[in-house]
Amino acid sequence: MTFRRSAPIAIILVIIIVVTGAAFISSRLFSGMTNAVESDQFRVMGAIVQTAISDAENKALARAELLADLPTVQKLLAAGDRQGLEAELAKMFANQKARHGVDQAQFHIPPGISFLRLHDPKTFGDDLSAFRPMVVAVNRDRVPLKGAAVARSGPAIFGVAPVVDASGKHIGSVEIGIDYGPLLAGLKTAYGIDLALFIEEASLRQYAQGVDPERLGEQNRLGRYIRFESTNAQLMAELAGAEDVAVVNEPVRYVRDAQGLVRGVLLLPVNSSSGTPLGVIAATADFSASRAAVNRTLIWQAVITLIAIVVLAGFVLVVLRGFLLRPLQVLGQRFDAVIAGEPLAPIVGAETFPREMKSFVRLYDKVRSRRGEADKAP
């Protein structure tokens, strides 16, 4: 292979390798930036959900403690006046339910006997000790607690406060439960994220006797879970399958296509105040914007890389051929003629040759001149 061919090819190959390598590294950097952006989106989504749940727990406990501190409530509970307690608080509970998502309100007597359910006054006297450890703990330790639980009316976020009479005697407890449904709907309205609550079917069937059986039907079953609440059931069915929610002991993140969009999905475990697993909350947000930005970046990088290779290769060819290869070709042909003893023609355009090659031009001219003098000699 001649220098005329091998040099440009070698240089162009190096250009292709270097430019392509730089584009690849750049794409990896952009991909890393996109991953960082999506990690922030996951973090924000998790913070939104966890903050909302924490706020709901605090609100539930604040309302429970407020009721526990009312002298009238203390007197009626101490006297065992169920009807009087219901009459005193029925309007208050109706307002709280309509305006603030308070789904359950219940009074207990130690160790965990239901005294009055404001949301279901006809059902009372049942022992909650087997499945409401938070109620038992409050009546045993006489300290307020908050957290998730599955009650007779279904899963909710509870605040439970001890009730003490004027003399300081512990007489029972009161709990406020905030429904997950309005909470999840409020998050979708405020932040545009869709959510679903999955609760273990076994605990629902065993303890949530007041739940509509239709909610526990096959259409909501997902492995060992029931999709109890959802802001978009069809979307969440595509994003969170039985295998996804099967074991969620800590937050799980993944990205999946659904309904023509790229969605980020965050799974958060739901545990009781004692740490017992109850279910999973799934939250999803649209990640199409960040993924589309990556795709646009990759396309532009490919176009720019191709243009850079073409421009640089063209520049190399012009420079090599104009400043190096053509002068070398001309000089090579002239010195071949010298060796072969052929007639020596002058080099046309030698003034455009690089300075480093003009010494060869002068050498050729001397050879040509001497040969001309030799030819003239008798």
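This report describes two sheets, the helices that pack on them, and the surroundings of one aspartate in a predicted model.

One open sheet consists of 5 strands in the order 2-1-5-4-3, with antiparallel pairing. Its edges are formed by strand 2 (113-117) and strand 3 (145-151), each of which pairs on one side only, and neighbouring strands of this sheet are turned against each other by 35° on average, direction ignored. Strand 1 (residues 102-109) and strand 2 run antiparallel and are joined by 4 bridges, and F107 has L116 in strand 2 as its bridge partner.

A further open sheet is built from 6 strands in the order 7-8-6-11-10-9, again with antiparallel pairing. Strand 7 (221-222) and strand 9 (252-258) stand at its edges with a single partner strand each, so one side of each is left without a neighbour in the sheet. Strand 9 pairs with strand 10 (residues 261-271) in the antiparallel sense over 7 bridges, and A258 has L261 in strand 10 as its bridge partner.

The helices that touch these strands are listed below.

| Helix | Strands touched | Angle |
|---|---|---|
| Helix 3 (residues 82-100) | strand 1, strand 2 | about 155° with strand 1 |
| Helix 4 (residues 133-141) | strand 1, strand 3, strand 4, strand 5 | about 145° to strand 5 |
| Helix 5 (residues 180-191) | strand 6, strand 8, strand 10, strand 11 | about 155° with strand 6 |

D179 is found in strand 5 (residues 170-179). D179 is buried yet has no salt bridge, the nearest side chain of opposite charge being that of R215 at 5.9 Å. The side chain of D179 does reach the backbone nitrogen of G181, at 3.4 Å, and, leaving aside neighbours within four places in sequence, D179 is in contact with G101, D103, P155 and E229.

Key:
Residues are numbered from 1 along each chain as its sequence is written. This is a predicted model: local features need pLDDT of at least 70, side-chain atom pairs count only at pLDDT 80 or more; totals for chains, interfaces and linings use all residues. Side-chain values use heavy atoms; hydrogens and water are left out. Helices (H or I, at least four residues) and strands (E, at least two) are DSSP runs, numbered from the N terminus. Buried means under 20% relative accessible area, exposed over 50%, partly exposed in between (1.4 Å probe, protein chains only). Lys and Arg count as positive and Asp and Glu as negative; His and the chain ends are not counted. A salt bridge is a side-chain nitrogen of Lys or Arg within 4 Å of a carboxyl oxygen of Asp or Glu. A polar contact is a pair of N or O atoms within 3.5 Å; within protein, one must be able to donate a hydrogen and the other to accept it, and residues adjacent in sequence count only if both atoms are side-chain atoms. Contact means heavy atoms within 4.5 Å. Two strands pair if DSSP finds at least two bridges between them. Axes are lines fitted to C-alpha atoms, for helices over the stretch in contact, and angles run from 0 to 180 degrees between N-to-C directions.
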